[in-house]
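Me: I have a fold in front of me and I keep tripping over the labels people hang on it. Could you go through them with me, one by one?

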Amino acid sequence: MNTMETELKRLIIDTLALEDVDVADIDSEAPLFDGGLGLDSIDALELGVAIRKRYGVKIDAEQHDVAAIFASVASLARFLATAGSAA
């Protein structure tokens, strides 16, 4: 498990107050929505705000493929790595 994925899992747990979920419980490749963690659109908004605060990266629905970015922890980590290197 890479560091960015671990950080994102912790961010998801803390931001969404997932009390009975541990970092080890989240599969990096599992879907965050429609199965997997079963997150919803409100959760996505909260995560987007948390990601912007933590990493200074804004995920804009008009400029980015939000569904692909939030598909899994791994896809979110790849996006942030790319966005960070582009900054």
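Reply: Sure, here is how each label follows from its cut-off.

Reply: Two ground rules before you ask. This is a predicted model, where local features need pLDDT of at least 70 and side-chain atom pairs count only at pLDDT 80 or more, while totals for chains, interfaces and linings use all residues. Residues are numbered from 1 along each chain as its sequence is written, and side-chain values use heavy atoms, with hydrogens and water left out.

Me: What makes the order of elements in the protein chain α-α-α-α?

Reply: The element rule works on DSSP runs: a helix is H or I over at least four residues, a strand is E over at least two, and numbering starts from the N terminus. The protein chain comes to four helices and zero strands, and reading from the N terminus gives α-α-α-α.

Me: How do you know whether the radius of gyration of the protein chain agrees with a compact globule?

Reply: The radius is taken over C-alpha atoms, and the globule rule is 2.2 Å times the number of residues to the power 0.38. With 87 residues, that rule puts a compact globule near 12 Å, and the protein chain has 12 Å, so the two agree. Along its principal axes, the C-alpha trace spans about 35 × 25 × 20 Å.

Me: Why is Lys 9 called buried?

Reply: Buried means under 20% relative accessible area, exposed means over 50%, and partly exposed is in between, using a 1.4 Å probe and protein chains only. Lys 9 has 2% relative accessibility, so it counts as buried. You'll find Lys 9 in helix H1. Over the whole protein chain, 36% of the 87 residues count as buried.

Me: And why is Ser 28 called buried?

Reply: Ser 28 has 10% relative accessibility, which is why it counts as buried. Ser 28 sits in the loop between helix H1 (3–15) and helix H2 (41–55). Contact means heavy atoms within 4.5 Å. Leaving aside neighbours within four places in sequence, Ser 28 has contacts with Glu 5, Lys 9, Ser 72, Val 73 and Ala 74.

Me: What else in that loop has contacts worth a look?

Reply: Try Ala 30, which is also in the loop between H1 and H2. Not counting residues up to four places away in sequence, Ala 30 touches Ala 71, Ser 72 and Val 73. Phe 33 belongs to the loop between H1 and H2 too, and beyond its neighbours within four places in sequence it contacts Leu 39, Asp 40, Ala 44 and Phe 70.

Me: Is Ala 17 buried or exposed?

Reply: Exposed: its relative accessibility is 53%, so Ala 17 lands in that class. Ala 17 is in the loop between H1 and H2. Its phi is near 50°, a positive value in a residue other than glycine.

Me: Why is Ala 50 called buried, and which residues does Ala 50 contact?

Reply: Ala 50 counts as buried because its relative accessibility is 13%. Ala 50 lies in helix H2, and outside its neighbours within four places in sequence it is in contact with Leu 11 and Thr 15. The C-alpha atoms of Ala 50 and Leu 11 are separated by 7.6 Å, with the two positions 39 residues apart along the chain.

Me: What makes a set of residues a nonpolar core?

Reply: It has to be a set of buried Ala, Val, Leu, Ile, Met, Phe, Trp, Tyr and Cys residues joined through side-chain atoms within 4.5 Å. The largest such core here has 23 residues, and those with the most contacts inside it are Leu 8, Ile 51, Ile 59, Phe 70, Leu 76 and Leu 80. H1, H2 and helix H4 (73–86) are the elements that give two or more residues to this core. The largest share, five residues, comes from H4. As for Leu 8, it touches Tyr 55, Val 73, Leu 76, Ala 77 and Leu 80, not counting residues up to four places away in sequence.

Me: How many side chains count as positive and how many as negative?

Reply: Lys and Arg count as positive and Asp and Glu as negative, with His and the chain ends not counted. The protein chain has 7 positive and 16 negative side chains.

Methods:
Charge placed at Lys NZ, Arg CZ, Asp CG, Glu CD.
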